[in-house]
Amino acid sequence: MRLHTHTWGEGDRVALLIHGIMADHRTWRRVGPELAARGLRVIAVDLRGHGASGQGPYAPGDFADDLVETLPAGAEVAIGHSLGGMALALAVERLAPRRAVYCDPAWHLPGPADGETESAGPAGLAAAKTLSREEISALNPRWEDVDVDLELASLAVWDETTAYGIAPAFGTDLRPAKPVVPSLVTTADPSPMVSPTDAAELRSRGFEVRAVAGAGHTAHRDDFDAFMAALEGWI
């Protein structure tokens, strides 16, 4: 599937931005212009089932194949958040960016053996479709009002069955055996996706791991300045 994209900046040096589940390219509203100001042409996708892109099916490999179909190979850097980190890891060998950044990647989602509950699994994710503005704000107290409004707009066009499409990933260890390209993992503090044990294991496999102090899962919205500081040396 050819995905809808949004571009900031121009030139030959390219950065790729890949959002997480239930969001779309608008989640990068501050990151995209900042990277463009640093001389990069920034391309952000809407994953299938999100934003202005087409719908279904939603297996992890489908998201990855779309990235390869849509995005240029050989980018300066590719950045994937959550589901976007899962998809990027499955596509990175084919996309061949010079560097990859995985932001709280969905590589180790809890399954039944890990104590997953109905509210935490695919059904819980799908239920987020009906979140109110007040609920989004309560869940993300550090977000600016514009981000809450954008999340509402993103939820309105999101196909919540994406949550069931990635159900096989729950309880599955999707951590890459090693980085395909030099790779940074940024995490929330604490992270719902990357436990301290996971972080130690990823370091042993050759990833650099940096926590964004005090930030939640969507660190680039919680604390933009701290998120950009965590990318120092990688952009």
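User: What volume does the largest cavity have?

Analyst: A cavity is a space where a probe fits but cannot get out. In this predicted model, the largest cavity has a volume of about 50 Å³. The count of cavities of 30 Å³ or more comes to three.

User: Which residues line the largest cavity?

Analyst: Look for residues with an atom within 4 Å of a cavity point. Here the lining includes H81, C103, D104, H217 and F227. By type, the lining residues split into four nonpolar, seven polar and one charged. Two elements, β6 (183–187) and α9 (219–222), each supply at least two of the lining residues.

User: Okay, now the core. Which residues touch the most other members of the largest nonpolar core?

Analyst: Think of a core as buried nonpolar side chains joined by contacts. This one has 48 residues, and L16, L67, L88 and Y102 touch the most other members. Elements giving two or more residues to this core include β2 (14–18), β5 (99–103) and α6 (145–157). The one that gives the most is α3, with eight residues. There's also a second, separate core of 23 residues, with C103 and L184 among them.

User: And H50: is it buried or exposed?

Analyst: Buried means under 20% relative accessible area. H50 has 0%, so H50 is buried. You'll find H50 in the loop between β3 (41–45) and α2 (60–70).

User: What does the side chain of H50 make a polar contact with?

Analyst: With the side chain of W158, at 3.4 Å. Leaving out residues up to four places away in sequence, H50 also touches H19, F63, L83 and T162, among others.

Definitions and conventions:
Residues are numbered from 1 along each chain as its sequence is written. This is a predicted model: local features need pLDDT of at least 70, side-chain atom pairs count only at pLDDT 80 or more; totals for chains, interfaces and linings use all residues. Side-chain values use heavy atoms; hydrogens and water are left out. Helices (H or I, at least four residues) and strands (E, at least two) are DSSP runs, numbered from the N terminus. Buried means under 20% relative accessible area, exposed over 50%, partly exposed in between (1.4 Å probe, protein chains only). A polar contact is a pair of N or O atoms within 3.5 Å; within protein, one must be able to donate a hydrogen and the other to accept it, and residues adjacent in sequence count only if both atoms are side-chain atoms. Contact means heavy atoms within 4.5 Å. On a 1 Å grid over the protein atoms alone, a cavity is a set of points where a 1.4 Å probe fits but cannot get out, and a pocket is an open set with protein on both sides within 12 Å along at least five of seven lines; lining residues have an atom within 4 Å of a point. Grid points are joined across faces, edges and corners, and a volume is the space filled by probe spheres set on the points. Ala, Val, Leu, Ile, Met, Phe, Trp, Tyr, Cys and Pro count as nonpolar, Asp, Glu, Lys and Arg as charged, and the others, Gly among them, as polar. A nonpolar core is a set of buried Ala, Val, Leu, Ile, Met, Phe, Trp, Tyr and Cys residues joined through side-chain atoms within 4.5 Å.
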